[in-house]
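Here are some exercises to work through with the structure at hand. Try each task before you read its solution.

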Amino acid sequence: MARLVYLLRGGAGAQWLGYASLPKLDYRSTSLVNEIYAGEDSIVRHWLKAPWSMDGWRLDVVHMLGEGGGARNNLQHIAGITQAAKQAQPEAFVFGEHFGDARQWLQADAEDAAMNYRGFTFPIWGFLANTDISYDPQKIDAQTCMAWMDNYRAGLSHQQQLRMFNQLDSHDTARFKSLLGKDVARLPLAVVWAVQLAGGTVHLLWRRGGRGWQ
């Protein structure tokens with residue numbers, strides 16, 4: 001059987017951030033690559049075909065995918081995933097989760113879009129909630145916030161800007177309203193800012209009464 005998981009010295013399988021339930025796949029394996037995206041009935045292609053006909057894929061922490069227990073040749077494999085998706089469904093939408101700078105993937109057309117943490121969430125948190133992604137104090141003024149967004153956006157084509165996910169918060173972060181605390185009156189300003197910015201607006205809310213996400 002082909003080896004699909006990267007093995008550490010001693011024979012133990014590598015784990016993503018130490019979680020035993022999340023083995024670190026090794027994309028040096030041709031069998032794995034075929035199973036994930038290259039094969040005609042690969043996972044990526046399978047769910048985009050009828051009768052399922054999914055619209056596309058969101059690639060979680062995609063910058064950490066790669067060979068040899070790390071992210072070697074990451075861009076090559078992400079581009080392969082996107083190419084396979086569009087071969088199966090020409091209008092498939094593939095976007096990645098990047099807490100860091102996603103522009104190298106976007107500029108290489110390896111993804112259609114990304115969750116816009118670096119170009120929107122981080123600066124808006126710093127300006128309106130006075131915090132950074134680690135929930136440490138970070139206070140920036142409006143001019144710095146705008147310059148941050150403009151500089152990031154300058155590295156993307158207009159079409160890429162229109163496809164970005166501009167989220168005030170996400171399933172991986174605290175709710176933006178909670179971060180505002182006593183400054184909750186700033187929330188409408190954040191929503192207006194998100195809506196007027198090129199891209200898709202995402203605001204995750206927890207519905208009271210245990211009825212789930214919306």
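A strand here is a DSSP run of E with at least two residues, a helix is a run of H or I with at least four, and both kinds are numbered from the N terminus. Keep in mind that the model is predicted.

**Exercise 1. Getting an overview**

Task: Find how many helices and strands the protein has, and what share of its residues counts as buried.

Solution: Start with the elements: there are nine helices and seven strands. Next, take the burial: 39% of the 214 residues count as buried. Now turn to the contacts with a separation of 6 or more: 55% of them join residues 24 or more positions apart. Finish with the outside, where the accessible surface is about 11,700 Å² and carbon and sulfur atoms hold 55% of that area.

**Exercise 2. Placing Q15**

Task: Work out which element Q15 belongs to, and whether Q15 is buried, partly exposed or exposed.

Solution: First, locate Q15 in strand 1, which covers residues 15-16. Second, compare its relative accessible area with the cut-offs: buried means under 20% and exposed means over 50%. The value for Q15 is 38%, so Q15 is partly exposed. Third, look for the partner strand: strand 1 pairs with strand 2 (residues 19-23) in the antiparallel sense, over two bridges. Within this pair, Q15 stands opposite P23. Fourth, list the touching residues, leaving aside those up to four places away in sequence: they are A20, L22, P23 and K24. Fifth, inspect the hairpin of strands 1 and 2, with two residues between the strands, where L17 has a positive phi near 50 degrees. Lastly, follow the chain to G69, 54 residues from Q15; the C-alpha atoms of these two are 8.6 Å apart.

**Exercise 3. Checking helix 3**

Task: Test whether the span of helix 3 agrees or disagrees with 1.5 Å a residue, then find what its buried residues pack against.

Solution: Begin with the count: helix 3 runs over residues 74-88, which is 15 residues. The expected span is 1.5 Å times one less than the number of residues. That gives 21 Å, and the end C-alpha atoms are 21 Å apart, so the two agree. Now mark the buried residues: N74, H77, I78, G80, I81, T82, A84 and A85. A general rule helps in reading such a list: an α-helix has 3.6 residues a turn, so residues three or four places apart point the same way. Finally, name the packing partners of the buried residues, which are helix 1 (30-38), helix 2 (43-46), strand 3 (56-59), strand 4 (93-96) and helix 4 (103-107).

**Exercise 4. Ordering a sheet**

Task: Give the strand order of the open sheet of three strands and identify its edge strands.

Solution: The order is 3-4-5, and the pairing is parallel. The edges are strand 3 and strand 5 (113-114), each of which pairs on one side only. Strand 3 and strand 4 share four bridges; one example is W57, whose bridge partner in strand 4 is V94.

**Exercise 5. Looking for empty space**

Task: Find which residues lie nearest the centre of the largest pocket, and what volume the largest cavity has.

Solution: The largest pocket holds about 540 Å³ of space. Among its 19 lining residues, L25, Y27, D60, V61 and L65 lie nearest the centre. Strand 3 gives the largest share of this lining, three residues. As for cavities, there is one of 30 Å³ or more, and the largest has a volume of about 60 Å³. Its lining includes N116, M149, Y152 and R153, and helix 6 (residues 142-153) supplies the largest share, three residues.

Methods: Residues numbered from 1 in each chain as written. Predicted model: local features only at pLDDT ≥ 70, side-chain atom pairs only at ≥ 80, totals over all residues. Heavy atoms only, no water. Buried < 20%, exposed > 50% of the residue type's maximum accessible area, 1.4 Å probe, protein only. Contact = heavy atoms within 4.5 Å. Areas by Shrake-Rupley, 256 points an atom, 1.4 Å probe, with all protein chains shown as cover. Pairing = 2+ DSSP bridges. 1 Å grid on protein atoms, 1.4 Å probe; cavity = no way out; pocket = protein on both sides within 12 Å on 5 of 7 lines; lining within 4 Å. Points joined across faces, edges and corners; volume = space filled by probe spheres on them.
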